[in-house]
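Trainee: I'd like to learn how to read a structure like this one. Can you take me through it feature by feature?

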Amino acid sequence: MKRSQIILIFLSVFLVGGISGGLLGTFVFSDAKNANSQTKIIEEPRILEFVTTHTLCGHTSTYTEPQKQIFESTEQIQSTFPEWIIRRVTDEKITLERETADYCEYHYFAYLSGNTIFIETRNGDVKKEIDISALSITDQERQSLTDGLYLNGQDALTAFIEDFTS
Ligand SMILES: [Zn+2]
């Protein structure tokens, strides 16, 4: 691909991103401004709540942290967290949202390779390895483990690990 083409593509992605970001921003700002007019200027520290919707499984995950800086305006919140959409601003809490095209952390894939079971998150990060060389397992079990299986949820993961470690 020619250099100029690459630059063009980069520019159009940038532009489209900028325009949609701007539209989103306008929408959110008007929402948050209403909240501001009711609660006045944001002055004291509050909780920041980050809500991620994982579009591949539909679950949301949330984490919170104390606000570390004072925000003078909604715009300042937005520029501090450019990848997030401001959903709600109250006296106690600022809620930020985003969507990611992945699974939440509670989906796993387990498979056998050699004498080791690898448990990975659905995003491909290895979470645990279990050495099963001391266990006696049937050929059929070995085959199905080699094909691998999906574990949905923390309980399924715990049950699976208990099966091979106790
Ligand atoms: Zn999920």
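Trainee: What should the 12 residues of helix 4 span at 1.5 Å a residue?

Mentor: The expected span is 1.5 Å times one less than the number of residues. Helices (H or I, at least four residues) and strands (E, at least two) are DSSP runs, numbered from the N terminus. Helix 4 covers residues 154-165, and its 12 residues should span 16 Å; the end C-alpha atoms are 16 Å apart, which agrees. By the way, this is a predicted model, where local features need pLDDT of at least 70 and side-chain atom pairs count only at pLDDT 80 or more, while totals for chains, interfaces and linings use all residues. Residues are numbered from 1 along each chain as its sequence is written.

Trainee: How many of the 12 residues of helix 4 are buried?

Mentor: Count neighbours: a residue is buried if 20 or more other C-beta atoms (placed from the backbone) lie within 10 Å of its own, exposed if 12 or fewer, and partly exposed in between. For helix 4 the number buried is zero, so the helix lies largely in the open. Over the 166 residues of the protein chain, 10% count as buried.

Trainee: What does the confidence look like for the protein chain?

Mentor: pLDDT is the predictor's confidence in each residue, from 0 to 100. The protein chain averages 80, and 73% of the residues score at least 70. Residues 6-40 stay under 50, and there the model has 18 contacts beyond four places in sequence. A contact means two C-beta atoms, placed from the backbone, within 7 Å. Where pLDDT is low, the predicted coordinates should not be read in detail.

Trainee: In what order do the elements of the protein chain run?

Mentor: There are four helices and eight strands, and from the N terminus on they go α-β-β-α-β-β-β-β-β-α-β-α. Among contacts with a separation of 6 or more, 53% come from residues 24 or more positions apart.

Trainee: Which strands stand at the edges of the sheet with the order 2-1-4-3?

Mentor: Strands pair if DSSP finds at least two bridges between them. That open sheet of four strands has mixed pairing. Strand 2 (60-66) and strand 3 (85-89) are at its edges, each with a single partner strand, so one side of each is left without a neighbour in the sheet. From one strand to the next, the twist averages 20°; angles here run from 0 to 180 degrees between N-to-C directions, with axes as lines fitted to C-alpha atoms, for helices over the stretch in contact. Strand 3 pairs with strand 4 (residues 93-100) in the antiparallel sense over four bridges, and Ile86 stands opposite Leu96 in strand 4.

Trainee: What about the sheet with the order 7-6-5-8: which pairing does it have?

Mentor: Antiparallel, again in an open sheet of four strands. Its edge strands are strand 7 and strand 8 (149-152), each pairing on one side only. Strand 5 (residues 107-113) and strand 6 (residues 116-121) share six bridges, with Leu112 opposite Ile117. Two residues lie between them in their hairpin, where Gly114 takes a positive phi near 65°. Strand 6 then meets strand 7 (residues 126-131) through five bridges, with Glu120 opposite Val126 and Phe118 partnered by Glu129. That hairpin has four residues between the strands, and Gly124 takes a positive phi near 95°.

Trainee: And which strands does helix 3 lie across?

Mentor: Helix 3 (residues 139-147) lies across strand 5 and strand 6, running at about 130° to strand 5.
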